[in-house]
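User: I would like to go through a model with you before I set up any calculations. Could you take my questions one at a time?
Analyst: Certainly; please show the structure and begin wherever you wish.
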Amino acid sequence: MNPDTFKPQTIALAAIRPILSEDISKNKIDRIMMALRGNDPDRTSIDLTEIRPLLLEDFSEADITRIMMALKLSRVNPN
(Lines give C-alpha, C1' and ligand atoms only; values in the text may rest on other atoms or scores of the structure.)
Protein backbone atom coordinates (compact mmCIF):
# COMPACT_ATOMS: atom_id res chain seq x y z
CA MET A 1 0.00 0.00 0.00
CA ASN A 2 1.20 3.49 -0.80
CA PRO A 3 2.13 5.35 2.43
CA ASP A 4 0.99 8.64 0.86
CA THR A 5 -2.56 7.32 0.52
CA PHE A 6 -3.61 8.54 3.95
CA LYS A 7 -1.66 11.80 4.05
CA PRO A 8 -3.57 15.00 3.37
CA GLN A 9 -2.78 16.12 -0.15
CA THR A 10 -2.91 19.86 -0.05
CA ILE A 11 -2.12 22.17 -2.90
CA ALA A 12 -1.38 25.87 -2.73
CA LEU A 13 -4.18 27.92 -4.26
CA ALA A 14 -1.54 30.03 -6.00
CA ALA A 15 -0.30 26.90 -7.80
CA ILE A 16 -3.68 25.97 -9.27
CA ARG A 17 -3.94 28.72 -11.90
CA PRO A 18 -0.59 27.89 -13.61
CA ILE A 19 -1.35 24.16 -13.53
CA LEU A 20 -4.73 24.61 -15.24
CA SER A 21 -3.72 27.38 -17.64
CA GLU A 22 -2.64 25.07 -20.46
CA ASP A 23 -5.94 23.16 -20.66
CA ILE A 24 -8.65 25.45 -19.30
CA SER A 25 -9.78 28.94 -20.31
CA LYS A 26 -8.94 31.96 -18.15
CA ASN A 27 -12.63 32.62 -17.53
CA LYS A 28 -13.21 29.08 -16.28
CA ILE A 29 -10.08 29.24 -14.08
CA ASP A 30 -11.38 32.47 -12.55
CA ARG A 31 -14.67 30.72 -11.72
CA ILE A 32 -12.78 27.75 -10.26
CA MET A 33 -10.66 30.01 -8.07
CA MET A 34 -13.73 31.89 -6.79
CA ALA A 35 -15.40 28.60 -5.90
CA LEU A 36 -12.31 27.30 -4.10
CA ARG A 37 -11.69 30.47 -2.11
CA GLY A 38 -15.34 30.68 -1.07
CA ASN A 39 -15.83 33.00 1.86
CA ASP A 40 -12.18 32.86 2.93
CA PRO A 41 -10.07 35.18 0.77
CA ASP A 42 -7.05 34.57 3.04
CA ARG A 43 -7.01 30.84 2.34
CA THR A 44 -3.64 29.78 0.94
CA SER A 45 -4.08 26.04 0.36
CA ILE A 46 -6.73 23.39 -0.09
CA ASP A 47 -6.86 19.64 0.29
CA LEU A 48 -7.51 17.83 -2.99
CA THR A 49 -10.47 16.00 -1.41
CA GLU A 50 -12.22 19.34 -0.81
CA ILE A 51 -12.12 20.48 -4.42
CA ARG A 52 -14.70 18.22 -6.10
CA PRO A 53 -17.57 19.06 -3.70
CA LEU A 54 -16.87 22.79 -4.07
CA LEU A 55 -17.07 22.60 -7.86
CA LEU A 56 -20.09 20.29 -8.22
CA GLU A 57 -22.66 23.07 -8.32
CA ASP A 58 -21.02 25.11 -11.08
CA PHE A 59 -19.16 22.64 -13.28
CA SER A 60 -19.93 19.47 -15.20
CA GLU A 61 -18.58 16.13 -14.04
CA ALA A 62 -16.32 16.07 -17.12
CA ASP A 63 -14.85 19.49 -16.27
CA ILE A 64 -14.27 18.49 -12.65
CA THR A 65 -12.58 15.25 -13.70
CA ARG A 66 -10.23 17.21 -16.02
CA ILE A 67 -9.43 19.65 -13.22
CA MET A 68 -8.77 16.89 -10.70
CA MET A 69 -6.59 14.90 -13.10
CA ALA A 70 -4.47 17.97 -13.88
CA LEU A 71 -4.02 18.77 -10.19
CA LYS A 72 -3.23 15.18 -9.21
CA LEU A 73 -0.77 14.74 -12.07
CA SER A 74 0.98 17.96 -11.08
CA ARG A 75 1.60 16.47 -7.63
CA VAL A 76 3.10 13.33 -9.18
CA ASN A 77 5.14 15.24 -11.80
CA PRO A 78 6.02 18.61 -10.27
CA ASN A 79 7.99 19.69 -13.37
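User: Which strand does Asp47 lie in?
Analyst: Asp47 belongs to strand 2, which covers residues 45-47. Please bear in mind throughout that this is a predicted model.

User: Is Asp47 buried or exposed?
Analyst: Asp47 counts as buried, because its relative accessibility is 13% and the cut-off for buried is under 20%.

User: What does the side chain of Asp47 make a polar contact with?
Analyst: The side chain of Thr49 is one partner, at 2.6 Å. In addition, a polar atom of the Asp47 side chain lies 3.2 Å from the backbone nitrogen of Gln9.

User: Thr49 is in a helix, I take it. Which residues of helix 3 are buried?
Analyst: Helix 3 spans residues 48-55, and Leu48, Ile51 and Leu55 are buried there. Viewed down the helix axis, these buried residues fall within an arc of 35°, so they line one face of helix 3. Thr49 and Pro53 are exposed on the other side of helix 3.

User: Let us step back. How many helices and strands does the chain have?
Analyst: The protein chain has 4 helices and 2 strands. Along the sequence they follow the pattern β-α-α-β-α-α.

User: And what share of the residues counts as buried?
Analyst: Of the 79 residues in the protein chain, 29% count as buried. The chain exposes about 5500 Å², with carbon and sulfur atoms supplying 54% of that area.

User: What about contacts between residues well separated in sequence?
Analyst: Taking contacts between residues at least 6 apart in sequence, 55% join residues at least 24 apart.

User: Now helix 2. What does it reach from its first C-alpha to its last?
Analyst: Helix 2 has 12 residues and reaches 16 Å between those two atoms, close to the 16 Å expected at 1.5 Å a residue.

User: Which residues of helix 2 are buried?
Analyst: Ile29, Ile32, Met33, Ala35 and Leu36 are buried in helix 2. They cover an arc of only 160° around the axis, and therefore sit on the same side of helix 2. Asn27 and Met34, on the other side of helix 2, are exposed.

User: Anything to note about the backbone just after helix 2?
Analyst: Gly38 follows directly after helix 2 and takes a positive phi of about 55°.

User: Charges next. How many salt bridges does the structure hold?
Analyst: The structure holds 5 salt bridges. One of them joins the side chains of Lys26 and Asp30, at 3.0 Å from N to O.

User: How many residues apart are Lys26 and Asp30 in helix 2?
Analyst: They are 4 residues apart in helix 2, which covers residues 26-37, so about one helical turn separates Lys26 from Asp30. Lys26 counts as exposed, at 59% relative accessibility, whereas Asp30 counts as partly exposed, at 23%.

User: Which residues are linked with Lys26 and Asp30 in a network?
Analyst: Arg17 joins Lys26 and Asp30 in a network of salt bridges.

User: Where does Lys28 come in?
Analyst: The side chain of Lys28 meets that of Asp63 in a salt bridge, at 3.1 Å from N to O. This pair links distant parts of the chain, with Lys28 in helix 2 and Asp63 in helix 4 (residues 61-76), 35 residues apart.

User: Is Asp63 buried or exposed?
Analyst: Asp63 is buried, with a relative accessible area of 17%. Its partner Lys28 is partly exposed, at 22%.

User: And which residue does Arg43 meet in a salt bridge?
Analyst: The side chain of Arg43 meets that of Glu50, at 2.7 Å from N to O. Arg43 counts as partly exposed at 23% relative accessibility, and Glu50 counts as partly exposed at 32%.

User: One last residue. Where is Ser74 found?
Analyst: Ser74 is found in helix 4, and it counts as buried at 18% relative accessibility. A polar atom of the Ser74 side chain lies 2.7 Å from the backbone oxygen of Leu71.

User: Which residues is Ser74 in contact with, leaving aside its neighbours within four places in sequence?
Analyst: With those neighbours left aside, Ser74 is in contact with Ile11 and Ile19.

Terms used. Residues numbered from 1 in each chain as written. Predicted model: local features only at pLDDT ≥ 70, side-chain atom pairs only at ≥ 80, totals over all residues. Heavy atoms only, no water. Buried < 20%, exposed > 50% of the residue type's maximum accessible area, 1.4 Å probe, protein only. Arc of directions from axis to C-beta. Salt bridge = Lys/Arg side-chain N within 4 Å of Asp/Glu carboxyl O. Expected span 1.5 Å × (residues − 1). Polar contact = N/O pair within 3.5 Å; in protein donor to acceptor, adjacent residues only side chain to side chain. Contact = heavy atoms within 4.5 Å. Areas by Shrake-Rupley, 256 points an atom, 1.4 Å probe, with all protein chains shown as cover.
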